[in-house]
Amino acid sequence: MLKRFASLRALGLLAGLLLTTACTATGSNDVAPYTEGTEYVTIGGTPQRYSNEGKVEVVEVFSYGCIHCAHFAPLAEQLRKQLPAGVVFKLLPAAFNDQWVPYARAYYAAKKLGVVEQTHLALFKAKFDDHYPISTLDEIADFYASHGVKRDDFMRIATSDEVTQQIRKDAALVQAWQVDGTPTIVVDGKYRSANIKTLDQLAALTQWLAKRELAGGK
């Protein structure tokens, strides 16, 4: 069972960051296809969302350093396009350890530069299919430069205080959501994917949770 796809290896990120699942919503007489406490859990406390957008929010917690995220990425892209109106899909780059911090910095730099859509799947392919050396921030910068991004601009944004603060904020949110592996889906800060057997099931669960939340949680 793919209970955890990539495990969290360092929970001390907040203290030292820079040591740096396509089902329709069920009706009241239908049997739910997924079980609370098994495929998904309800996150305790007041829901904490990634953004203030007035839509149902689907967040994939991921990392460019996670091969399971690489396998899920094409499914996630299809999912993003298939989600109903009123639902928004977002990415949150996890920085569970020092090795994953550069990937989080890279995502936010690419987002600021407006190149995520053209580089997201390409980066996974380069790293895990083509075995391009993409580990350090310098190597990641070389990848983006090969896709037309000015290297200096990338490095300036990736190492900025703004990105550092965003990564810290993300770390606090990931901890509040009790996410301990990637890829993980969080819907509206209320529901988190849990014991998922396949990546296809993860995509289908996401559709179901999003549609249920869009229908008012019914």
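Seven bridges join strand 2 to strand 3, and the two strands run parallel. One place to see this pairing in the predicted model is Glu57, which stands opposite Val88 of strand 3. On its other flank, strand 2 (residues 56-62) meets strand 4 (residues 184-187); here four bridges hold the pair together, and the direction is antiparallel. If you follow Val61 across to strand 4, you arrive at its bridge partner, Thr184. Both kinds of pairing are familiar, since strands of a sheet pair through backbone hydrogen bonds, either parallel or antiparallel.

Now let us step back to the whole sheet. It is open, has five strands in the order 1-5-4-2-3, and its pairing is mixed. Strand 1 (40-42) and strand 3 (87-93) form the edges, each pairing on one side only. On average, neighbouring strands are turned by 20 degrees against each other, with direction ignored.

How well covered is strand 2, and how many of its residues are buried? Seven of its seven residues are buried, so this strand is mostly covered. Looking along strand 2, you will find Val56, Val58, Glu60 and Phe62 pointing one way, while Glu57, Val59 and Val61 point the other way, and all of them are buried. For comparison with the whole molecule, buried residues make up 51% of the 218 residues in the protein chain.

Around this sheet comes the rest of the chain, which has seven helices and five strands in total. Read from the N terminus on, the elements run β-β-α-β-α-α-α-α-α-β-β-α.

Let us turn to how some of these helices pack. Two packed helices are described by the angle between their axes and the distance between the axes. For helix 1 (residues 67-82) and helix 3 (residues 116-129), the axes come within 9 Å and cross at roughly 150 degrees. Because angles over 145 degrees count as roughly antiparallel, that is the description helix 1 and helix 3 receive. Their crossing is left-handed. Helix 1 contributes Ile67, Cys69, Ala70, Ala73, Pro74 and Arg80 to the contact, and helix 3 contributes Glu117, Leu121, Phe124 and Phe128. Sorted by class, this contact has eight nonpolar, no polar and two charged residues.

Helix 2 (residues 101-113) and helix 6 (residues 161-176) give a second pair, with axes that come within 10 Å and cross at roughly 120 degrees. Helix 2 and helix 6 are therefore oblique to each other, and their crossing is right-handed. Here the contact involves Val101, Ala104, Arg105, Tyr108 and Lys112 from helix 2, together with Glu162, Val163, Thr164, Gln166, Ile167 and Asp170 from helix 6. By class, there are five nonpolar, two polar and four charged residues in this contact.

Finally, follow the chain out of helix 6. The loop between helix 6 and strand 4 holds Gln178, a residue other than glycine whose phi is positive, near 60 degrees. Gln178 counts as exposed because its relative accessibility is 56%. Pro183 lies in the loop between helix 6 and strand 4 as well, and a cis peptide bond joins Thr182 to Pro183, with omega about -5 degrees. Past strand 4, the loop leading to strand 5 (191-193) contains Asp188. Phi of Asp188 is also positive, near 55 degrees. Is Asp188 buried or exposed? Asp188 is buried, with a relative accessible area of 9%.

Methods
Residues are numbered from 1 along each chain as its sequence is written. This is a predicted model: local features need pLDDT of at least 70, side-chain atom pairs count only at pLDDT 80 or more; totals for chains, interfaces and linings use all residues. Side-chain values use heavy atoms; hydrogens and water are left out. Axes are lines fitted to C-alpha atoms, for helices over the stretch in contact, and angles run from 0 to 180 degrees between N-to-C directions. Angles under 35 degrees count as roughly parallel, over 145 as roughly antiparallel, 65 to 115 as roughly perpendicular and the rest as oblique. A crossing is left-handed if the near helix is turned anticlockwise from the far one by less than a right angle, and right-handed if clockwise. Contact means heavy atoms within 4.5 Å. Ala, Val, Leu, Ile, Met, Phe, Trp, Tyr, Cys and Pro count as nonpolar, Asp, Glu, Lys and Arg as charged, and the others, Gly among them, as polar. Two strands pair if DSSP finds at least two bridges between them. Buried means under 20% relative accessible area, exposed over 50%, partly exposed in between (1.4 Å probe, protein chains only).
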